[in-house]
Amino acid sequence: MTHLSRLLACSALASGLLTASAFAAEPTTEVVITAQKRPEPLSRAPLSVAVVTGEQMERNGAHDLKDLQVLTPSLLITSTANEAQTTARLRGVGTVGDNPGLESSVGVTIDGVLRPRTATAMSDLGVLDRVEILKGPQSDTYGKGASAGIIQVVTKLPSLTPSQSYELTAGSQWTLGASAYLTGPLADSLAGSLYVATRQRDGQYDIHTGDGPRTKTDDGDINYDSIRGQLLYAPSGSLRMRLIADYTRRDESCCAGTAIAIGGTRGYIDSLSDDEGTASVVDPEGREAWANRPTGQEINDGGVSLQTDLAITPTLQLTSITAARYWDHNSGYDADFSSADVYYRNEGGSFGNRFNTVSQEVRLNGKTWRFDWMAGVFLDTEELTRNDETIYGADYEGYLSLLLSGGANPARVSEITGLPVGQSFVPGQGAHDVHDQRERNAAIFGHVDWFVTDTLTVLIGARSNHQKKTLVSHYTTSDAGIACARATASKSVICQAASNPAFTDLTNVQGAEESATVGSIKVKWQITPGIMTYASYGEGWKGAGFNLDREQTSAFAVDRNTSFGAETSRAYELGAKARFFDGRLAVDGTLFDQRFRNFQLNTFLGTSFLVTSIPNLRSKGVELESRYVTGFGLNLRAGATYTDAKFGPEAITGLPLLANNTPSFAPEWSSAFGLDYSRMVHGLKLTASLDGRYNSDYNTGSDLAPIKIQKAYTLYNGRVGIGAPDGNWTLELWGLNLTDETYYQVAFSAPFQSGSFKAFTGNPRTVGLTLRLKH
C-alpha cells in the first residue's frame, strides 16, 4: 500500500468518526477569510488555508513574511545572495528567486494587490488583520503567479474609534526597533490610520576584509524605515473606498556565506589575499565569512492602491482595485566569496532590479436563486529592468593562472593568451548588461457556487489568461573579451560568459505571446453545522519567460534564445474541517496530490544562472492543523505536513541528480506548534507564548548535491510579558531561535573554488525586551 493510499484510508476512517460525533456544533468565534475573494468562515471554505491572525503576529513579534514560518507548517521562505532574492515554497514547491525573469510559483498579495515577485513583499507588514496561506494551485482566482499557492496579507482597516499603539524594542546584536500606529476619525464617514516603523540590528557574520576596499566587518544586518497610511471612506452602507499608500527604504549589507566544505584551491586564494583568503576550517556556528568587496544593498519599495466596494443592489456588489507600485534594488556583491580580489559587482546601481507595475481588477459578486457568482477582469503591466555586471578584480588573472597550472605558474594565463601579465583580464574591466522586459497581462475570470441542497454545494471556477512579453537585452564586454578571443587552450576556464567576446556590444530582442485557460471544481458537503468535507480539482499556470543572464553554448557562441516554457499544475484535494465544543476546538485536514509539468527550475552554474524546464514534478501528502481554546487562558495550536515530492524519471542535461529524486526545500515532515497563556497575577496580566517549528532533512540546492543537505532541526521562539489588565501597557521578554540552532537557508558551490561550498545561514539566537503602549 502506498503512502497516499494509507493516508486516504485514514482520512476515510477519520471522516466516519467525525460524522458520528454527537458534540459537533456551529462555531461561535470562527475567523472570517477572503481566500475566494468573498467573506466566509474558515470552517466553510473548501480549500486548504492556514490563517495567522494579526494578534498572533503581534504576540510573536512577527513583522514580515519570513516570521510566519514558525507559526504554520508547509511554508518555507529563504533568501540567497541578498534579500532581493527571496523565495516562498508550499508543499515542497517554489521558485528559486535569483533570476528576476522567473516569476514566483507561490504568489503574494497585500490588500488585494499582487506583488511581482516574493522579494518585493519582504517588508514590515504593519498592523495586520490576518495572513491567509492558500496551498495548492490558485490560478483560477489569483492568476499566473499562483501555480503552487498564494500568501494573502490583509492589513487592519482604519477605525472611526480613536486608538493609538506604540512599540519600543531592544535586544542582543544591537537589535533596536520602534513603531507607532494611530487610527481614528478625520471627518464624518472618513477614518484614517498611520503606521511608521524603524528597525535595526547588527550583522550576524564577522567579516575578514583581506585586500579591501571593504571596511565594514559585519554582514547580514537590518536597517530599514517603513510608513503606511490608509483612508477609509464609507458615507453609506452601500459604498466603501479604501486608499492605501506605503513606502519602505532598506539600507543593509547582505549576504556573505560561511564555509561548509573546503576544497583543494583554498591555498591559491590564501596566496593572493592579505589574510587567509577564506576559511581554513569548517565552522558554520562561528558565523565567519571572507569578503573584500562591499555587499551593501539599498531597496526602495512603494506604491498606492484604491479599492472601491459598491453595493449596486442588496444582491449585487462591484469591487474595483487599482494599484501602482515600484520596487528598486541595487547592491554590491563579492562574487568570489573570499577576501582575495577575484571578481565582484559594484554598489550604487550597476547591479540590481527595478519593477514598475500598474494593475486593475474589477469584479462583480452576485446572488441569484441557488447561485452565488463572481465575474471579473484583471489587467496589469510590468516594466522590469535588470542591471548586471561582472568586474575583474586585481587577483582575477592570477587566480585563473593558478587554477590552470595546478598552483605552479602564476603567469599561465599570459602564456595562453600571448598578452603581457596583467593585460588579459585588466582590473575594473568586465561585463555590463541591461535587460529591459515589458509584460502585459489580461484575464477574465468567474466563479459559481451552486447550492444543490442546503448541505451540498458545487463550486466551479475558470480563468482565461493572455500574456505578452518583450525583452531587449544589451550586452557589453568592456575589454571586448580579448583573453577569450586569443586563448588557444583551456577555453572552458578562460571563456566564462562574462569574458566571452561574442557578447561585446550585442543587442538581443525576444518576444513571446501566449494564452491559457485554467479551471477548478469543488464539491462541499456540510455534514453537520460543525463538520464540512470537500473534494476538489484545480489547475495552475505560470507563463513562459526569459532568462535574464548570459547564456552561451559549448562552442562559446551566444545562445540568443533564453526563453523557457510555461509551467502548469494540476491538484486533487480531499479535506475535512470540524469544529467542536462551540468552536473552541478546530481540526482541519487535507490530502493532496499535485503534479507540475515543465516546472521552472533556476540553477546556479558557478558564475551564472540558468532556468531549466523540468518535465515532471509531483508533490503529494497530507496536512493537519488544529487549534484549541481551553477557556481558562490557555490556547493551543499544532499542525503537521507530510510531503512526498519527486521529480520525474527524465534525465536532465547538467542536472544528473534530479531524476526520481526529491526537489530542494521539500522536507518529508514539517510541523508547527505553540501555546499562548494569560492570567491575572496580583492585579497585573501575565502572558506567555512558545512556538516551535520542525523540519526533517531537506536539500537546499536546486542541483541536489549531497553536501547541500540541511539536517533535521527545530526552531523555538518564546515570549513572557507582564502588563496592565486593560492592555494599556505591556513589557515583554522575548527570545528568537532560543536553542541557537545553526541551519542553512541555502548552500551553494563557491565560484571557481572546486570542492568549496558556502551557505547562507538563518539568524542566530536573539533575546530582548519590548514595551507596548496602547490607548
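## Exercises on a predicted protein chain

In the protein chain, 69% of the contacts with a separation of 6 or more join residues 24 or more positions apart. The model examined here is predicted.

**Exercise 1.** Determine how the radius of gyration of the protein chain stands against the globule rule for 775 residues.

*Solution.* Begin with the secondary structure, which comprises 8 helices and 43 strands. The radius of gyration is 27 Å, and the globule rule gives 28 Å for 775 residues; the two values are close, so the chain is as compact as a globular protein of that length. Along the principal axes, the C-alpha atoms fill a box of roughly 85 × 60 × 60 Å.

**Exercise 2.** Describe the burial, the accessible surface and the charges of the protein chain.

*Solution.* Of the 775 residues, 57% are buried. The accessible surface is about 29300 Å², and carbon and sulfur atoms contribute 59% of this area. As for charge, there are 67 positive and 83 negative charges, whose mean positions lie 6 Å apart.

**Exercise 3.** Establish whether D301 is buried or exposed, and identify its surroundings.

*Solution.* First, locate the residue: D301 belongs to strand 20, which spans residues 296-313. Next, apply the cut-off: buried means under 20% relative accessible area. D301 has a relative accessible area of 3% and is therefore buried. Then list its contacts, leaving aside neighbours within four places in sequence: R115, T120, S123, D246, Y247, T248, R325, Y326 and W327. Finally, examine R325, whose side chain makes a polar contact with the side chain of D301 at 3.0 Å.

Key: Residues numbered from 1 in each chain as written. Predicted model: local features only at pLDDT ≥ 70, side-chain atom pairs only at ≥ 80, totals over all residues. Heavy atoms only, no water. Helix = DSSP H or I, 4+ residues; strand = E, 2+ residues; numbered from the N terminus. Rg over C-alpha atoms; globule rule 2.2 N^0.38 Å. Buried < 20%, exposed > 50% of the residue type's maximum accessible area, 1.4 Å probe, protein only. Contact = heavy atoms within 4.5 Å. Areas by Shrake-Rupley, 256 points an atom, 1.4 Å probe, with all protein chains shown as cover. Lys, Arg positive; Asp, Glu negative; His and termini not counted. Charge placed at Lys NZ, Arg CZ, Asp CG, Glu CD. Polar contact = N/O pair within 3.5 Å; in protein donor to acceptor, adjacent residues only side chain to side chain.
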